[in-house]
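Colleague: I would like a close look at one part of this protein, the salt bridges, with a word on whatever else stands out around them. Could you walk me through it at an easy pace?

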Amino acid sequence: MILDKVNTPDDLKVLSIPEMETLADEMREIIIKKVNKTGGHFGPNLGIVEATIALHYVFNSPVDKIIYDVSHQCYPHKILTGRKEGFLYPEKYLKYTGYTAPEECEHDFFKVGHTSTSVSLATGVAKARDLKDEKGNVIALIGDGSLSGGEALEGLDNAAVLGSNFIVVVNDNDQSIAENHGGLYDNLKLLRETDGKAQCNFFKSLGFDYVLVKEGNNIEKLIEAFKSVKDSTHPVVVHICTQKGKGCKAAEENREGFHWILPGALDNNQSCGMEESYTSITREYILNKAKQDKTVIAVNAGTPGVFGFDKEFRAQMGKQYLDVGIAEEHAVACASGLATNGAKPIFAVMSSFVQRTYDQMSQDLCLNNSPITMLVYWGGISGADATHLCTFDIPLISNIPNMVYLAPTNKEEYLKMLDWSVEQTEHPVAIRVPMCGLNSTGLEDTTDYSILNKFKVISKGEKVAILGLGNFFGLAKEVEEALDFNATLINPLFMTGLDIELLEELKKDHSLVITLEDGELDGGFGEKIARFYGNSDMKVLNYGAKKEFTDRAPLDELYQRYHLTKEQIVDEIRACIS
């Protein structure tokens, strides 16, 4: 294998073009095998193999700094920078994270997993180089889908006027996670069709020099292009046209489904399937609601697969579906505008990406009290990479005035909350879609959610009250059943306010209140309860996640660390009231 000879980028520099082409085939083979075993980003990595080889052949990393956007295409880079064991040997498949990570290797400069960031990061790196009178190339690699994000446009606008070496490699595979959306993509298409000669050129209009590599999977042509811009004294864009999923027939034919795969997807020749779940019932609800009401519109920011918004769903929704590209900030502001003018937007977003929308939630949405419905997916403690943690949404969302943030515990509550939110016109409403398996009581939920901050008492006891929020209501119930006395079990439902009447009532015959929340404690739900009881004799124990960035830590390990097991909680309750 040629790969046996390549342990650092320097080893590439003695290879011939045919040898590098063989190396590309070998790299694809191990990426396909590894990702099919572990799951992960599939199509983007297969498409960028030749470009990665050419970049490391021409440039001198880490003196020349290659900065990746979102890291969806960093696997080939990892293979060439001393981490190939993580792709060759099954027992080491999980040794390295799926994203760039400076602690792993000197060739990585940032931990990144959110999109549209590379140009801004690289602009800062290049400016610091210039301040220190240093040399070296700074290369920002960004995909065409990521160009739809606001930060990418801000970064390009500023990078264009650096007046020094700055290279943007635009990896254009004519695809975001799903299809691209936005006017920019007409220009990329025009540039592809005219071999880069069209007078209308977005990058040139900003001030960049421009080079097109139509055959973006041709190592020889890529090397020629990169050599032509190496050590450039001004900003330049190298626009490369690659094939997403190259080398795997299933991924080439189903580029959306194989952007990211679960383990074993290739064994069944299929991508992530749809089972009965909160995702599927949401999909069904929106489809039915849209048929009944032409003002209902589903909005998402470039990640439709997370929510089950597949091609069939999008086709059925027609103009009542809006994908704004990878632009969560715009999605929130646009949804506010939709609601203000009489539409009923349902904005679906992954918890980790809520962080990108904070200013728009505060100013464009909540300050204007626009009645949108925001569905927050995957919120909770998990074993995810540090770049995709979903533990921060409760503090972020629940402390903005006018926002109503709801935490359903079962199917019936969820659908009732969803329908109430879509039809009401008083508040912006967010609903934390449960992460656990679908739980159905079989009983109609008769709660009137227009009466805000009214908690639901499930069973009345004494001494101890246990408030189990959303995902952790099941754990709260287990704790209540494990105690040797009758405790009060409460389903709070609301994360943005307190049931003052109920909390006051608990003072009469309770001495301890327990809160359980599947998220960060600092600024979270439990702290609101503790603050309420701060000037009383009531003791409060808050259970949830610490304020920290975890990275692929096993969930059971995190539950132990945070004292979130039934046994730990029961022991601490007994110790507290004894």
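**Salt bridges and their surroundings**

Modeller: Happy to. D172 and R192 form a salt bridge, and their closest N and O atoms are 2.7 Å apart. D172 belongs to strand β4 (residues 166-172) and R192 to helix α8 (residues 184-193), so this pair ties together parts that lie 20 residues apart in sequence. Please keep in mind that this is a predicted model. Are the two partners buried or exposed? D172 has a relative accessibility of 2% and counts as buried. R192 is buried as well, with a relative accessible area of 16%; the cut-off for buried is under 20%.

A second pair is K456 with E413, where the closest N and O atoms are 3.2 Å apart. This bridge links distant parts of the chain, with K456 in strand β14 (residues 456-459) and E413 in helix α18 (residues 411-423), 43 residues apart. Here the partners fall into two accessibility classes: K456 is partly exposed, at 24% relative accessible area, whereas E413 is buried, at 3%.

For a third example, take R552 and D551. Their closest N and O atoms are 3.9 Å apart, and a pair counts as a salt bridge within 4 Å. R552 is partly exposed, with a relative accessible area of 32%, and D551 is also partly exposed, with a relative accessibility of 28%.

How many salt bridges does the structure hold? There are 33. Some of them join up: K289, D293, K344, D419 and E423 are linked in a network of salt bridges. As a general point, side chains of opposite charge can pair when their charged atoms come close.

Now for charges that sit outside such pairs. E21, D25, E29, E220 and E224 form a negative surface patch. The residues that make up a patch have over 30% relative accessible area and no salt bridge. Which helices supply them? Helices α1 (17-38) and α10 (219-229) each give at least two residues to the negative patch. The largest share, 3 residues, comes from α1, while E220 is found in helix α10.

Another acidic residue to find on your screen is D130, in helix α6 (residues 118-131). D130 is partly exposed, with a relative accessible area of 25%. If you want a sense of scale, the C-alpha atoms of D130 and E252 are separated by 42 Å, and these two residues are 122 apart along the chain.

At the bench you may also wonder about covalent cross-links. A disulfide is a covalent bond between the sulfur atoms of two cysteines. This structure holds 0 disulfides. Why does C334 not form one? The closest cysteine sulfur to that of C334 is in C366, and because the two are 16 Å apart, they are too far for a bond. C334 is partly exposed, with a relative accessible area of 22%. C248, by comparison, is buried, with a relative accessible area of 8%.

Finally, a few places in the backbone deserve a look. Most residues other than glycine have a negative phi, and most peptide bonds are trans. Against that background, S61 and P62 are joined by a cis peptide bond, with omega about 10°. P62 has its place in the loop between α3 (49-58) and β2 (65-68).

Two residues other than glycine have a positive phi that you can check in the model: S116, near 70°, and D195, near 55°. S116 lies in the loop between α5 (85-88) and α6, and α6 is also the helix that holds D130. With 0% relative accessibility, S116 counts as buried. D195 sits in the loop between α8 and α9 (202-206), and α8 is the helix that carries R192 of the D172 bridge. D195 counts as partly exposed, at 44% relative accessibility.

That brings us back to the start. If you revisit one pair on your screen, try D172 and R192, with the strand β4 residue and the helix α8 residue at 2.7 Å between their closest N and O atoms. Then turn to K456 and E413, the pair whose closest N and O atoms are 3.2 Å apart.

Technical notes:
Residues are numbered from 1 along each chain as its sequence is written. This is a predicted model: local features need pLDDT of at least 70, side-chain atom pairs count only at pLDDT 80 or more; totals for chains, interfaces and linings use all residues. Side-chain values use heavy atoms; hydrogens and water are left out. Patches are made of residues with over 30% relative accessible area and no salt bridge: like charges are joined within 9 Å, nonpolar side chains (Val, Leu, Ile, Met, Phe, Trp, Tyr) within 5 Å. Accessible areas come from the Shrake-Rupley method with a 1.4 Å probe; for residues, only the protein chains shown count as cover. A salt bridge is a side-chain nitrogen of Lys or Arg within 4 Å of a carboxyl oxygen of Asp or Glu. Lys and Arg count as positive and Asp and Glu as negative; His and the chain ends are not counted. The place of a charge is taken as NZ of Lys, CZ of Arg, CG of Asp or CD of Glu. Helices (H or I, at least four residues) and strands (E, at least two) are DSSP runs, numbered from the N terminus. A disulfide is a pair of cysteine sulfur atoms within 2.5 Å. Buried means under 20% relative accessible area, exposed over 50%, partly exposed in between (1.4 Å probe, protein chains only).
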